[in-house]
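User: I would like a close look at one part of this protein, with the parts around it described one after another. Please keep it plain, as I am in my first year.

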Amino acid sequence: MIADMTLSRLLAADVGYLVLPVVLPLLGAFLMQPLARVSARGARILGPLLLVLSAGITAQLWLQLGDAPFSLAIGGFAAPLGILFYADRIALLFALAIPVFALLFWPEFGPGAGGRDQAARRDALMLLLVAAATGLALSGDLFNIYVFYELAAVASFGLVALTGTGRSQVATFRYLMISAFGSVFALLGIAILYMQTGTLNLAQIAQLAPETLPNPIGLAAFALMLIGFGVKAELFPVNTWVPEVYAGAPARVSALLAGLVSKLAVLVVVRLLVLIFPQPEAAELMLVLGVLGILTGELAAWRAKDFPRMLAFSSIGQLGMVFVAFAISGEIGLLAGLAVMLHHLIVKSALFGLAVRWSGSLEALSGAAGVSPLASALFVLFALSLIGVPPLPGFWAKILVLIGLAEGGTPLDMMALMALLLATAIEASYLFRVAIRLYEDTPTPVPPPARRDLGVAALLGALLLAVTVGLKPVADRLGEDAAQLGERALYIQTALPSHVARKD
């Protein structure tokens with residue numbers, strides 16, 4: 001008995017470290033500028049150091065506590081009253097990916113054109129974005145999801161406006177207006193859920209949802225939150241900010257927003273769909289908006305004349321496919337959605353990394369392979385995987401989506417299937433056009449990617465190839481993650497204490 005009590009205390013202590021990946025970057029963000037006034041070198045080191053610590057803590061928790069989900073009630077107040085963090089495989093995966101990708105795309109270590117104060121503000125905003133994104137991945141109640149979503153928005157606005165150009169300021173203002181519009185919608189949806197259920201805890205809402213939310217009022221709440229959180233997830237029609245922001249912001253910031261932050265917004269929507277709104281009408285709404293995102297994004301990417309805008313529109317199309325995948329009913333939909341989402345995280349982040357130097361028009365990339373053959377080869381690798389050329393991971397991700405839609409067999413599913421095939425042809429057209437331009441014999445003086453950006457792209461390319469070689473174990477692991485993500489009863493049992501939770 002004493003041994004059991006000791007083990008429980010040790011596990012409780014270990015679980016308590018779950019707050020540190022949120023608290024450490026948040027504390028660093030507030031300390032960054034005061035520290036910069038005392039020691040510029042210390043301020044430059046602080047951000048990467050905190051990211052390494054956050055990644056190490058998350059990885060250690062994952063290794064020590066295993067694959068079973070666990071929750072943490074913060075402040076001594078048990079759920080559903082207190083702040084709850086919920087960590088399953090997917091939440092921990094993103095909690096680990098956030099500091100790792102932020103470290104990969106961390107701004108240059110020099111003070112930059114704006115001097116020491118500008119660098120401190122930039123690094124503080126990066127840490128604030130990391131803290132907010134990690135909170136989004138782990139939060140188990142709608143109140144804190146909304147708070148972290150707004151913190152991520154504030155950090156994003158500041159990072160987009162870093163360059164100080166008129167173009168970036170206009171893009172920031174547009175982003176701010178659309179995000180404010182989305183925040184109001186999300187808040188209205190949360191308010192409706194609270195009025196219907198009397199709680200903001202996701203697990204308790206999931207318990208009450210079968211009796212209180214399968215009605216038009218519940219569907220309206222989902223639609224409002226889908227549009228609200230869909231702003232960051234690049235969902236049609238609240239994605240008009242994407243091309244201006246991704247083209248005008250620093251490319252490393254665009255890599256984080258397109259590659260990482262958009263996926264966390266999708267994860268919030270998927271939690272809502274799985275736990276609270278399993279009715280088919282909610283999935284159908286998501287599927288229709290996803291199809292519209294695919295078609296509008298890919299057509300706009302085909303017409304784009306510069307590299308960053310092409311990547312931005314392509315990202316809209318890819319996120320549309322993520323929403324279509326998650327709208328497929330059953331475990332195959334969750335598996336397909338995770339596969340497409342994680343593939344986009346790797347590929348699009350790497351491509352925006354290449355855009356740090358390749359930020360001009362597509363015509364200016366003519367003959368770039370002669371200047372940087374490795375960067376051009378990496379672009380071709382990522383493009384082939386995005387299109388879905390076997391045996392690259394993008395092919396298997398698209399096949400899962402197509403199989404899921406074909407098995408669904410409804411008219412909406414068939415419409416989505418045809419739209420996805422059409423979008424693939426469009427995507428192949430503009431990506432091959434860029435690849436051909438890279439290998440033309442008439443080079444222009446395009447600068448090669450910096451060593452750091454090229455190294456990051458090469459690392460992500462190696463990861464893509466490693467997944468291709470080890471596809472079977474990766475697919476098995478992803479299938480287990482998808483199964484756990486879809487276990488509504490397990491979420492309720494883990495997130496709520498035994499005297500509140502009940503079996504469905």
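Analyst: This is a predicted model. A good place to begin is S315. Apart from residues within four places in sequence, S315 is in contact with E234, Y246, A258, H344 and K348. The residue sits in helix α13, which covers residues 307-327. S315 is buried because its relative accessibility is 0%, and buried means under 20%. One of its contacts is polar: the side chains of S315 and H344 are joined at 3.5 Å.

The same helix, α13, also holds Q318. Q318 has a relative accessibility of 3%, so Q318 counts as buried. Leaving out residues up to four places away in sequence, Q318 touches E298, V340, H344, L386 and E427. H344 is thus a name to note, since H344 is in the contact list of S315 and also in that of Q318. The side chain of Q318 makes a polar contact of 2.5 Å with the side chain of E427.

E298, touched by Q318, leads to helix α12, where E298 is one of the buried residues. The others in that group are A282, A283, M286, L287, L289, G290, V291, G293, I294, G297 and A301. Helix α12 has 24 residues, and the distance from its first C-alpha to its last is 35 Å, close to the 34 Å expected at 1.5 Å a residue. The buried residues of α12 pack against α9 (216-230), α11 (251-275), α13, α17 and α18.

Next comes α18, which includes M415. M415 is partly exposed because its relative accessibility is 37%, between the limits of 20% and 50%. Not counting residues up to four places away in sequence, M415 touches L287 and V291, and both of these are among the buried residues of α12. M415 and L287 are 128 residues apart in sequence, while their C-alpha atoms are 9.9 Å apart in space.

Helix α17 is another partner of the buried residues of α12. It has 16 residues and reaches 23 Å from first C-alpha to last, close to the expected 22 Å. The buried residues of α17 are P393, G394, A397, K398, V401, L402, G404 and L405. They pack against α12 (280-303), α13, α14, α16 (373-387), α18 (411-438) and α19. After α17 comes G409, whose phi is positive, near 75 degrees.

Helix α17 also helps to line the largest pocket, which has a volume of about 860 Å³. The 30 residues that line this pocket include L342, I346, V467, V474 and L478, the closest to its centre. Two or more lining residues come from each of α4 (89-104), α14 (331-354), α17 (393-408), α19 (451-469) and α20 (471-485). By type, the lining divides into 27 nonpolar, 1 polar and 2 charged residues.

One further residue, T240, lies in the loop between α9 and α10 (242-248). With a relative accessible area of 37%, T240 is partly exposed. T240 is in contact with R174 and I178, leaving aside its neighbours within four places in sequence. T240 and R174 are 66 residues apart along the chain, and their C-alpha atoms are separated by 8.7 Å.

How values were computed
Residues are numbered from 1 along each chain as its sequence is written. This is a predicted model: local features need pLDDT of at least 70, side-chain atom pairs count only at pLDDT 80 or more; totals for chains, interfaces and linings use all residues. Side-chain values use heavy atoms; hydrogens and water are left out. On a 1 Å grid over the protein atoms alone, a cavity is a set of points where a 1.4 Å probe fits but cannot get out, and a pocket is an open set with protein on both sides within 12 Å along at least five of seven lines; lining residues have an atom within 4 Å of a point. Grid points are joined across faces, edges and corners, and a volume is the space filled by probe spheres set on the points. Helices (H or I, at least four residues) and strands (E, at least two) are DSSP runs, numbered from the N terminus. Ala, Val, Leu, Ile, Met, Phe, Trp, Tyr, Cys and Pro count as nonpolar, Asp, Glu, Lys and Arg as charged, and the others, Gly among them, as polar. Buried means under 20% relative accessible area, exposed over 50%, partly exposed in between (1.4 Å probe, protein chains only). A polar contact is a pair of N or O atoms within 3.5 Å; within protein, one must be able to donate a hydrogen and the other to accept it, and residues adjacent in sequence count only if both atoms are side-chain atoms. Contact means heavy atoms within 4.5 Å. The expected span of a helix is 1.5 Å times one less than its number of residues.
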